[in-house]
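Take a moment to look at the chain as a whole before you zoom in. Then follow it from the outside to the inside, and on to a few local details.

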Amino acid sequence: MSSTTTERTGYAGRPRQRDGFVGWITTTDHKKIGIMYFVTVLVFFALGGIESGFIRWQLGQAEQSVLTEEVYNQFFTMHGITMVFLVVMPLSAAFFNYLIPLMIGARDVAFPRLNAFSYWGYLFGGLFLYSSFALGGAPNGSWVGYAPLSTDAVSNMAFYAVGINILGVSSLAAAINFIVTILNMRAPGMTFMRMPVFVWMALVTNFLLLFALPIIAVALFMLNFDAVFDTQFFEPATGGDPILYQHLFWLFGHPEVYIMILPAMGIISEILPVNSRKPLFGYAAVVFAGAAIGFIGFGVWAHHMFTSAIGPVARSAFALSTMFIAVPTGIKIFNWVFTMWGGKLRFNTPMLFSIGFVSMFTIGGLSGVTHAVVPHNAQQHDTYYVVAHFHYVLFGGALFGLIAGIYFWFPKVTGKLMDEKLGKLHFWTWLLGFNLTFGPMHMSGLLGQPRRTAVLPGELGSTVELYNLISSLGYLVLFGSALVFLYNLIRSLKRGEASGDDPWDARTLEWITPSPTPYENFHTIPTVTHRDEFWHRKYAEDDAGRVVPVPAGASEDHDPAAEHDEHIHMPDPSYWPLVQTLGFLPFGYGLVFGNFWLIGLGLLWLVVGMYGWIIEPPARGGEDAPGVGVGGAEGRGAEEGEPLELFLGGGNGAELDGGALDGGDEGVFGGREGGEPFGGGGAGGVEEAEGFPCGAALLVVERPVGGGGDEDVEDDLGEVAAWVEVGDGAGLGAVGEGGSGAGPGPGADEGRGEVGPVALGGGFGDELDDVGGGLGGEEEGEHRAGVGGVALEEGVDGGASEGEGLASGPGDRLELVAGGGGGGRVLEAFGESRDGAFARGGASVAVGGEFGGVARGAGGAGGEGERGEEDGDGEGLHARQFRERGGCGPAPGRGRLERGVGESGGRE
């Protein structure tokens, strides 16, 4: 059975597959992209960790030569590049991708294909950098790449300059995307001061990226041209200025520190209130402090240059600004402490890592304030004291916070909890190993150990050597702790405890949705009335002012009628982000090796990729799309082999806002399929309040009676395999031709927009072996599996267990395709049961261009009816009528095929 349905329109086709390898590499779904970021980060984190292991092995004893100086410099440089540009920044992007749309009540980011472009740019940028090991050697001039040392050809820093710029293009595209998403796609009622703090920190971070990345791009292009094409931007002997490079680098580099730390600050600002069971203390102060950090961060860069030739006035000014930026940072720390103060603390793994963040980051911040003292800075500048400070901020700060976020939102992504015992073991070993590794570096630095040296000088004495040995042993503890985390991650994915939808009693909007997150995020876009919206939907105050839980939907502050509903349209997959970003590789290698042919090939590739991107058609939807109209729009007939999409809703149209299927009013089923009106209305669709008649059945052609694929559809139309009944205020039911002929499933309550169960029945079993034989039946042809435990076959008590059978989840589709010429077959059937309910899925029926319209029939209201076998030009249609359901009035007793192919009578 094929698992891919691809529609082609115009110049190029667009993939329709959401699962499997093709589904992942063409996805534009923000959730999948976030997961891909995360998995890729784990790989690069492992590489960076291995490089740091060799560094610590080399420095564990004085005068040791495990690595040559050249290899040590490459490992040392690539470790810094990896951890900054390939781990911490993209791990933050993984959280941005997955969480921002969920937290603001959106279904995806503003530019889904640009989002995929950002991921592939990140991946290929990382691969480009690591390919340097096989192409003459990796960069070896440190992650800051100071000129003019980095312009020497032996430094291999051209790979650094080009690779970081590729990553910069990726980050810049992502920053624009997230900024537009946050500013323009918030749910109704979500004002700026109702946004979660994490979203605020993401907004500040991406504005920092937007302004900082162009600066480093200029510096790196100049560096690359000096190294490869012998320009003289930074060569002092010919009038260049190496200090200019330092200014350009640190104008990016110091905001980069906050680019890495602000997302972690946002994460713990969400975790601490949840596990303290009280609101964040001083929400506005935390938000404005974060914005102040971002703003002031552009004014402190020169404290990295106090030993450079910048003059006493500049040193004094930047010393003051460095002291001043500690103020908003201190505000945040006190807000986090006061959030925990007096709270009912739960010391689960996310909370432990959050507290670890606050404590370790505070140590790093205090050591950073000492850099503001110019004489002290001059003494410590090129020593391991700076290495210790840097790691306490970025490892003890950013990584602790990001790991807390992994444990906290893992249930949101997977529907499972990570093991708490293993999580706490991970935390305590991580905390111990971190302090053993980087704590002693403060002392060894103050005792004179220089950084960026391949060998620990023996003349520094036994005390410095002891500190280095402790640091190397601490690395081993960290390595073991990382293995615990990896084991916990894999184990929890395979057999973790089910989390439920709200395992932490959380406060923010992303937890309103089921876990794992449905494809469309929100079935109905929520209306926000409070900060911490989810908490206010769960709790209210009694007359005494005490917080008490309320029944679902009973909060006086929340009006379900105010929810913003709309037709769900999700972004289509696309090959072009992947295709276009591949052009970075030949272009980058051309710049590194000075090969103009490769540069030209890369540019051509990028231009062709952009052109394909621009003209790529939608996979579905749009004015020219086949299928049903939405909100009264008229749908055109399907071409031969084209899928015709029919979204199935409960409440007889209540789920199809605006009376989709061309109905004019809510609750009206009308419209066209294959160019013919469903309910007998005029050319524009149906008359108001008409539409799909109560009790009518939409027939699905499964396979031809003879031949298959024959052009003569009148001889080869096909056999009825199943039809779907739309009842008055009811859900959806279906029976099949063959099998036991069970009746429709029970309906949903009228007017509530509920969706009843769907049974897809016998006669499919032999065609759908790949999905469980008979859609959950134990043998071919059976259809006894229920949805939500409802028995569909009479005499089977309770049917199959809840969750068995084939049921579409939110946004999933069950595609039954009957190709042109009547030679159709079942191409795809997928979806999974979610809590035993059929929740707004869809069914796609492709009708061949030869006959245009869809086969359909109407069940009698007075009983099951007789099988009609009147041949209309020999097509052999079998029609089974439905039993009467309560509240469903008389319905026509005839079924017919459109466009005069023939009729088949069904007698009451």
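Accessible areas here come from the Shrake-Rupley method with a 1.4 Å probe. By that method, the chain exposes about 34,200 Å². Carbon and sulfur atoms supply 61% of this area. Keep in mind that this is a predicted model.

Start with the overall build. The chain has 908 residues, and 58% of them count as buried. It contains 19 helices and 17 strands. Now take the contacts with a separation of 6 or more. Residues 24 or more positions apart account for 73% of them.

Next, go inside. The largest nonpolar core has 162 residues. Among those with the most contacts inside it are Phe85, Tyr160, Trp336 and Phe400. Helix α3, residues 69-104, gives this core its largest share, 22 residues. A second, separate core has 15 residues, including Ala173, Trp576, Ile599 and Leu606.

Which residues does tryptophan 336 touch, beyond those up to four places away in sequence? They are Met265, Ile268, Ser269, Leu272, Leu280, Phe357 and Val358. Phe357 is also listed with the residues that have the most contacts inside the largest core.

Move along to helix α10, residues 326-340. Threonine 329 is found in this helix. Is threonine 329 buried or exposed? Its relative accessible area is 13%, and buried means under 20%, so threonine 329 is buried. A polar atom of its side chain lies 3.2 Å from the backbone oxygen of isoleucine 325. Leaving aside neighbours within four places in sequence, threonine 329 is in contact with Met265, Ile293 and Phe361.

Valine 337 is found in helix α10 too. Its relative accessibility is 33%, so valine 337 counts as partly exposed. Valine 337 helps to make a nonpolar surface patch of about 570 Å². Its partners in the patch are Phe281, Phe334, Phe338 and Trp341.

Now turn to phenylalanine 584, in helix α18, residues 584-593. Phenylalanine 584 is buried, with a relative accessible area of 10%. Not counting residues up to four places away in sequence, phenylalanine 584 touches Phe117, Ile166, Val169 and Leu606. Its C-alpha atom is separated by 8.4 Å from that of tryptophan 605, 21 residues apart along the chain.

Charged side chains come next. The structure holds 9 salt bridges. One of them joins aspartate 502 and lysine 538, at 2.7 Å from N to O. Aspartate 502 is in the loop between β4 and α16, while lysine 538 is in helix α16. The two are 36 residues apart, so this pair links distant parts of the chain.

What else does lysine 538 meet in a salt bridge? Its side chain also meets that of aspartate 505, again at 2.7 Å from N to O. Aspartate 505 lies in the loop between β4 and α16, so the pair ties together parts that are 33 residues apart in sequence. Lysine 538 counts as buried, at 15% relative accessibility. Aspartate 502 is partly exposed, with 25%, and aspartate 505 is partly exposed at 25%.

Helix α16 holds a further salt bridge, between glutamate 533 and arginine 537. The N to O distance is 2.8 Å. These residues are 4 apart, about one turn of the helix. Glutamate 533 is buried, with a relative accessible area of 3%. Arginine 537 counts as buried at 13%.

Finish with the backbone. Most residues other than glycine have a negative phi, and most peptide bonds are trans. Look for the exceptions. A cis peptide bond joins alanine 147 and proline 148, with omega about 5°. Proline 148 is found in the loop between α4 and α5. The bond from serine 515 to proline 516 is cis as well, with omega near 0°. Proline 516 is found in the loop between β4 and α16.

Asparagine 521 lies in that loop between β4 and α16. Its phi is near 70°, a positive value. At 2% relative accessibility, asparagine 521 counts as buried. Arginine 452 has a positive phi too, near 60°. Its place is in the loop between α14 and α15. Arginine 452 counts as partly exposed, at 31% relative accessibility. Arginine 452 is also linked with Asp382 and Arg451 in a network of salt bridges.

Notes: Residues are numbered from 1 along each chain as its sequence is written. This is a predicted model: local features need pLDDT of at least 70, side-chain atom pairs count only at pLDDT 80 or more; totals for chains, interfaces and linings use all residues. Side-chain values use heavy atoms; hydrogens and water are left out. Patches are made of residues with over 30% relative accessible area and no salt bridge: like charges are joined within 9 Å, nonpolar side chains (Val, Leu, Ile, Met, Phe, Trp, Tyr) within 5 Å. A salt bridge is a side-chain nitrogen of Lys or Arg within 4 Å of a carboxyl oxygen of Asp or Glu. Buried means under 20% relative accessible area, exposed over 50%, partly exposed in between (1.4 Å probe, protein chains only). Contact means heavy atoms within 4.5 Å. A nonpolar core is a set of buried Ala, Val, Leu, Ile, Met, Phe, Trp, Tyr and Cys residues joined through side-chain atoms within 4.5 Å. A polar contact is a pair of N or O atoms within 3.5 Å; within protein, one must be able to donate a hydrogen and the other to accept it, and residues adjacent in sequence count only if both atoms are side-chain atoms.
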